[in-house]
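Please look over the chain below. The report after it takes up burial, one helix, a surface patch and the salt bridges.

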Amino acid sequence: MDNLCGGVADLNLPPCPSSMSKTNKLSYKTKIILYVVVALVISSTLAVSLFMFRRRQRVSRKEDSSKPSFEHQILRVSYANLLKATNGFSEANLVGVGNYASVYKGILDQDQIVVAVKVLNLQLMGALKSFMLECKALQTIRHRNLLKVLSVCSSIDFHGNEFKAIVYEFMANGTLDGWLHQNGVGEHEYLKAIQMLDVSIDVASALEYLHCGCESTIIHGDLKPRNVLLDDTMVAHVGDFGLAKIISAASTNVSQHQSNSSAIRGTIGYIAPGLPMPSNNGASTICCSNSQLRTWFF
């Protein structure tokens, strides 16, 4: 009789012990255990992940330290380094000729990296000024669509003559001019429409940065397909700032920083429409209207 239960008051039967309470107590304990186990698993996983991440960082740093890095430092190169890199500035390594300079492909011995070496022809009037302008324009700018400078060399050659050169990253796919006109580069295919659009966007991005994203406005002065270079992934880079003009942000009067009209230089056919350019008799004339209709791709 003592074990009888049911909770009936008339029979004086106590309520039966609930099995649900034991189940709830058991499930509560189980939940606590599960929570602890899950927390341990998560913390262990995070610890292992953090360990692996730091290990990979250390490995990548070691690998990076064994490779040449040009992100935050300028290469130290001498005339002898560049002479050896370009095989004595041989014609076989000549990749381009401009108004004041010749560009050679070279491989620097110390880092085994392919570079483009722009050697100034200082015998030409205006070459030294072009060199100084380009160095001044490039010293404070940095953009993915601008040709990256790796070093500058100002020295004396083995004949005692003044030597000045700028070392750039080498652009594996040459100039845009070569792709558009197949100038002696028969292995190139013609650009596809989407590539033309990508190049146009890249050049526009570079100009937007030069005009609006720098401390001082920089006007390129000679933008043309020959001064647009393509890397191994066909990303366009604007180069050759030898005719660049730097306009101080403190001044709103552009004309104060521009030379007179007879001194304006550039490539006929690519000078901005409306700009005066020198004629044969020295008088300034207005750019021909055909340049207003010229486009690079058609």
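Does Lys 164 count as buried or exposed, and at what relative accessibility? Lys 164 counts as buried, because its relative accessibility is 8%, under the 20% cut-off.

## The chain as a whole

This is a predicted model. The protein chain holds six helices and eleven strands. Of its 298 residues, 31% are buried.

Contacts reach along the sequence. Among those between residues at least 6 apart, 53% join residues at least 24 apart. The accessible surface comes to about 19,500 Å². Carbon and sulfur atoms account for 57% of that surface.

## Helix α5

Helix α5 runs over residues 193–213, 21 residues in total. From first C-alpha to last, α5 spans 28 Å. That is close to the 30 Å expected at 1.5 Å a residue.

Seen by burial, α5 has two sides. Met 196, Val 199, Asp 202, Val 203, Ala 206, Tyr 209 and Leu 210 are buried. They lie on the same side of α5, because they cover an arc of only 160° around the axis. The cover over these buried residues includes α4 (176–181) and three strands: β6 (217–219), β7 (228–230) and β8 (236–238). The face turned away from the buried side carries Ala 193, Ile 194 and Cys 212, which are exposed.

## A nonpolar patch

Tyr 28, Ile 32, Tyr 35, Val 36 and Leu 40 make a nonpolar surface patch. Its area is about 560 Å². One of these residues, Val 36, is found in helix α1 (residues 19–65). Val 36 has a relative accessible area of 45%. Val 36 therefore ranks as partly exposed, a class that lies between the 20% and 50% limits.

## Salt bridges across the chain

Side chains of opposite charge can pair when their charged atoms come close. Five salt bridges are found in the whole structure. One of them joins the side chains of Asp 240 and Lys 118, at 3.2 Å from N to O. This pair links distant parts of the chain, with the two positions 122 residues apart in numbering. Asp 240 sits in the loop between β8 and β9 (245–247). Lys 118 belongs to strand β3 (residues 113–120).

How do the partners compare in burial? Asp 240 is partly exposed, at 26% relative accessible area. Lys 118 is buried, at 10%. The pair is also part of a network of salt bridges that links Lys 118, Glu 134 and Asp 240.

## Two further pairs

Lys 164, the residue of the opening question, forms a salt bridge with Glu 162. Their closest N and O atoms are 3.3 Å apart. Lys 164 is buried, whereas Glu 162 counts as partly exposed at 46% relative accessibility.

Asp 222 and Lys 224 also meet through their side chains in a salt bridge, at 3.6 Å from N to O. Here Asp 222 counts as buried, at 6% relative accessibility. Lys 224 is buried as well, with a relative accessible area of 10%.

Key. Residues numbered from 1 in each chain as written. Predicted model: local features only at pLDDT ≥ 70, side-chain atom pairs only at ≥ 80, totals over all residues. Heavy atoms only, no water. Helix = DSSP H or I, 4+ residues; strand = E, 2+ residues; numbered from the N terminus. Expected span 1.5 Å × (residues − 1). Buried < 20%, exposed > 50% of the residue type's maximum accessible area, 1.4 Å probe, protein only. Arc of directions from axis to C-beta. Contact = heavy atoms within 4.5 Å. Areas by Shrake-Rupley, 256 points an atom, 1.4 Å probe, with all protein chains shown as cover. Patch = residues over 30% accessible without salt bridge, like charges linked within 9 Å, V, L, I, M, F, W, Y side chains within 5 Å. Salt bridge = Lys/Arg side-chain N within 4 Å of Asp/Glu carboxyl O.
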